[in-house]
Amino acid sequence: MGRRTCTKSRPQNQPHRPLNCSLMFFRLPPHKSSDPCFRDKLREIVGVSTNWRDHMKAMEERKLLRSFLAKSQEALPPRRMKDSYVEVLLPLGSQPELREKYLTVQNTVRFGRILEDLDSLGVLICYMHTKVHEAKMSPLSIVTALVDKIDMCKKSLSPERDIKFTGHVSWVGKTSMEAKMQMFQLQDSEFCPVLEATFVMVARDSENKGSAFVNPLIPEGPKEEALFRQGELNKGRRVAFSSMSLLKMAPSAEERTTIHEMFLNTLDQKTISFQSRVLPPNAVWMEKSKLKSLEICHPQERNIFNRIFGGFLMRKAYELGWATACNFGGSRPFVVAVDDIMFQKPVEVGSLLFLSSQVCFTQGNYIQVRVHSEVASLHNKEHTTTNVFHFTFMSENEVPLVFPRTYGESMLYLDGQRHFNSMSGSDTMKKDYLLKPQGKSRLLETSVPQ
């Protein structure tokens, strides 16, 4: 990953912003320890109740919004990237009460909390893009479809300095949108980039039962055109990666050779038997790298549509993945990249959520961790996959090699290798290709009541 330079917190010669883009401030609800401010704003946009007992009534009221849904994308007014541009200030430096929520025991910022904020911010950005001025509440139900990638460019964050998020819609399809976000941290009176993220959101109807059209996007100028083209390329890459999945196609010749060589390296030379396996030095069987956890999905963790908040799922998966990498490597790792998180099935409130984490690939100081989540039906005890998460960690020291025993584990190894290679070989977007604030920006400040 290339070295990033700090950017001024107030860029000079900013292009003029539309006059109706007002400054917005958020405050946390009285229960300081729960929802980030984003979720309160989203509830306001969607018009759902903050009270769990009233959620059915609120969802019934949303049925009346169906008349605002477009019959085709052509019927919707086109939008520009700056129409969805949002800035969010997280004042960790000036709000000790807020800092406590993001603090780790090593005096760094909890990345799981950042994942929650990114998920909410991505949805908020898409609501800005699809805003219906004639309606008090949005007729759309926007949900996270997948996390395309998150690239880190700083090892750790200080919990005593302010953080700023920025983001906007960078590409749209008929019913989907790509939200590109950045995170900065204040350093010597300047905000320095620490993270870039790309999320894909989908629009559903007002009852979240079927797809809905979104406003087309018109890029302005070469930089925005480059962002839009990159969105098209990202879509094509995801389709190609999915079509080559090891759940659908056999490994390549090179991958088959890799697995066979690993098998030969574990044969016991004394017995010359296919059944007798011995680990080479500084190696661990993959089956020994697992950690598991169980979560009861309480109403407190619901999203604005009364299913379990996707950011909560990401935080829990990340924390289990981090613990797996920590246990495996013998030191506290830091996250390098997150990619290809597909939200396959919503998690209902009250579900039993099973999380299973496993090291599936290592190289040098790097640890590739896969976290699988599934819910159990209370009626027939069947388990259904809801998400698969992929995290790339770096350990302070070189870590052992991980070796598969079975064919299934060999496929996990190759899948982990593919994800690692795709992330280590990707170039993060150049700073000059990112939108800067234009005139008055939507600055959202997270704070606690005075």
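**Exercise 1. The nonpolar core**

Determine how many residues the largest nonpolar core of this predicted model has, and where the core lies relative to domains 1 and 2.

*Solution.*
1. The largest nonpolar core comprises 91 residues. Within it, Phe111, Ile114, Ile150 and Leu195 have the most contacts.
2. Helix α4 (residues 111-129) is the element that gives the most to this core, contributing 11 residues.
3. Residues of the core come from both domain 1 (33-245) and domain 2 (281-426); therefore the core lies between the two domains.
4. For Ile114, residues up to four places away in sequence are set aside; Ile114 then touches Tyr102, Val109, Ile163, Phe165, Met183 and Leu195.

**Exercise 2. The setting of Thr386**

Establish whether Thr386 is buried or exposed, and identify the side chain with which its own side chain makes a polar contact.

*Solution.*
1. Thr386 belongs to strand β12 (residues 383-394).
2. Its relative accessibility is 0%, so Thr386 counts as buried, the cut-off being under 20%.
3. The side chains of Thr386 and Ser373 are joined by a polar contact of 2.7 Å.
4. Beyond four places in sequence, the residues in contact with Thr386 include Met342, Phe343, Gln344, Leu353, Glu374 and Val375.

**Exercise 3. Helix α5**

Compare the expected span of helix α5 (residues 221-243) with the distance between its end C-alpha atoms, and state which elements cover its buried residues.

*Solution.*
1. With 23 residues at 1.5 Å a residue, α5 should span 33 Å.
2. The end C-alpha atoms are 34 Å apart, which agrees with that expectation.
3. The buried residues in α5 are Glu224, Ala226, Leu227, Phe228, Gly231, Asn234 and Arg238.
4. Among the elements covering these residues are β3 (141-152), β4 (163-172), β5 (176-187) and β6 (190-204).

Terms used: Residues numbered from 1 in each chain as written. Predicted model: local features only at pLDDT ≥ 70, side-chain atom pairs only at ≥ 80, totals over all residues. Heavy atoms only, no water. Core = buried A, V, L, I, M, F, W, Y, C linked by side-chain atoms within 4.5 Å. Buried < 20%, exposed > 50% of the residue type's maximum accessible area, 1.4 Å probe, protein only. Helix = DSSP H or I, 4+ residues; strand = E, 2+ residues; numbered from the N terminus. Domains from an automatic or database assignment. Contact = heavy atoms within 4.5 Å. Polar contact = N/O pair within 3.5 Å; in protein donor to acceptor, adjacent residues only side chain to side chain. Expected span 1.5 Å × (residues − 1).
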